Amino acid sequence: MTDDQFNCCLTNRSGPASEAARLVLVKGLTVKEAMLETTLAEQTIRNAISRIRKRDTQIRNAYCVSTTA
């Protein structure tokens, strides 16, 4: 995921969990590494990642035209 895609998915959400998710989704860190950098719980980071991925899917489904008939 690129930084621009990540920013598009935030939709008025920011904070420590979103920043930890950015470390995993954009920077390529593992969840464990993000936990060490942020001191957030694993489930908090995983929930933020899930929320952002879900939003990314919603955006893609809404704006991407399917080429299959």
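Reader: Which residues does D3 touch, not counting residues up to four places away in sequence?

Author: Happy to start there, with the reminder that this is a predicted model. D3 is found in helix α1. Leaving out residues up to four places away in sequence, the residues that D3 touches are R22 and V26.

Reader: Is D3 buried, partly exposed or exposed?

Author: The relative accessibility of D3 is 36%. Buried would need a value under 20% and exposed one over 50%. D3 therefore counts as partly exposed.

Reader: What distance separates the C-alpha atoms of D3 and K27?

Author: Along the chain, D3 and K27 are 24 residues apart. In space, their C-alpha atoms are separated by 8.8 Å.

Reader: How many helices and strands are there in the protein?

Author: Let's step back to the whole chain for a moment. From the N terminus on, the elements run α-α-α-α. That fits the count for the protein, which is four helices and zero strands.

Reader: What share of the contacts in the protein with a separation of 6 or more comes from residues 24 or more positions apart?

Author: The pair D3 and K27 gave us a taste of this separation, being 24 residues apart along the chain. Among contacts with a separation of 6 or more, residues 24 or more positions apart account for 46%.

Reader: Why is α2 described as largely enclosed by the rest of the structure?

Author: A look at its residues helps: A17, S18, A20, A21, R22, L23, V24 and L25 are buried in α2. What covers the buried residues of this helix includes α1, α3 and α4. The helix is described as largely enclosed because the buried ones make up eight of its ten residues.

Reader: Which element gives the largest share of the largest nonpolar core?

Author: Nonpolar side chains tend to be buried together in soluble globular proteins. Here the largest nonpolar core has 17 residues, and F6, A21, V24, I45, I49 and I52 touch the most other members. The elements that give two or more residues to this core are α1, α2, α3 and α4. With six residues, the largest share comes from α2.

Reader: Which residues is A21 in contact with, leaving aside its neighbours within four places in sequence?

Author: A21 is a good one to click on, as it is among the core residues that touch the most other members. It is also one of the buried residues of α2. Leaving aside neighbours within four places in sequence, A21 is in contact with F6, V26, A48, I49 and I52.

Reader: Which residue does E19 form a salt bridge with?

Author: Side chains of opposite charge can pair when their charged atoms come close. E19 is partly exposed, with a relative accessible area of 40%, while its partner is buried at 13%. Both lie in helix α2, three residues apart, which is about one turn of the helix. The closest N and O atoms are 3.5 Å apart, and the partner of E19 is R22.

Reader: Which residues do salt bridges that share partners join into one network?

Author: Begin with E42 and K32, whose salt bridge has its closest N and O atoms 3.4 Å apart. E42 lies in helix α4 and K32 in helix α3, so this pair ties together parts that are ten residues apart in sequence. E42 also meets R46 in a salt bridge, at 2.9 Å from N to O. Through these shared partners, the residues joined into one network are K32, E42 and R46.

Reader: How many salt bridges does a search of the whole structure find?

Author: You have already met some of them, including the bridge between E19 and R22 and the one between E42 and R46. A search of the whole structure finds a total of four.

Reader: Is D56 buried or exposed?

Author: D56 is found in helix α4, residues 42-63. Its side chain has a polar contact of 2.9 Å with that of R60, and beyond its neighbours within four places in sequence D56 is in contact with M1 and C9. Because its relative accessible area is 13%, and the limit for this class is under 20%, D56 is buried.

Reader: What percentage of the residues of the protein count as buried?

Author: D56 is one example of a buried residue, and R22 is another. Of the 69 residues of the protein, the part that counts as buried is 29%.

Note on methods:
Residues numbered from 1 in each chain as written. Predicted model: local features only at pLDDT ≥ 70, side-chain atom pairs only at ≥ 80, totals over all residues. Heavy atoms only, no water. Buried < 20%, exposed > 50% of the residue type's maximum accessible area, 1.4 Å probe, protein only. Polar contact = N/O pair within 3.5 Å; in protein donor to acceptor, adjacent residues only side chain to side chain. Contact = heavy atoms within 4.5 Å. Core = buried A, V, L, I, M, F, W, Y, C linked by side-chain atoms within 4.5 Å. Salt bridge = Lys/Arg side-chain N within 4 Å of Asp/Glu carboxyl O.
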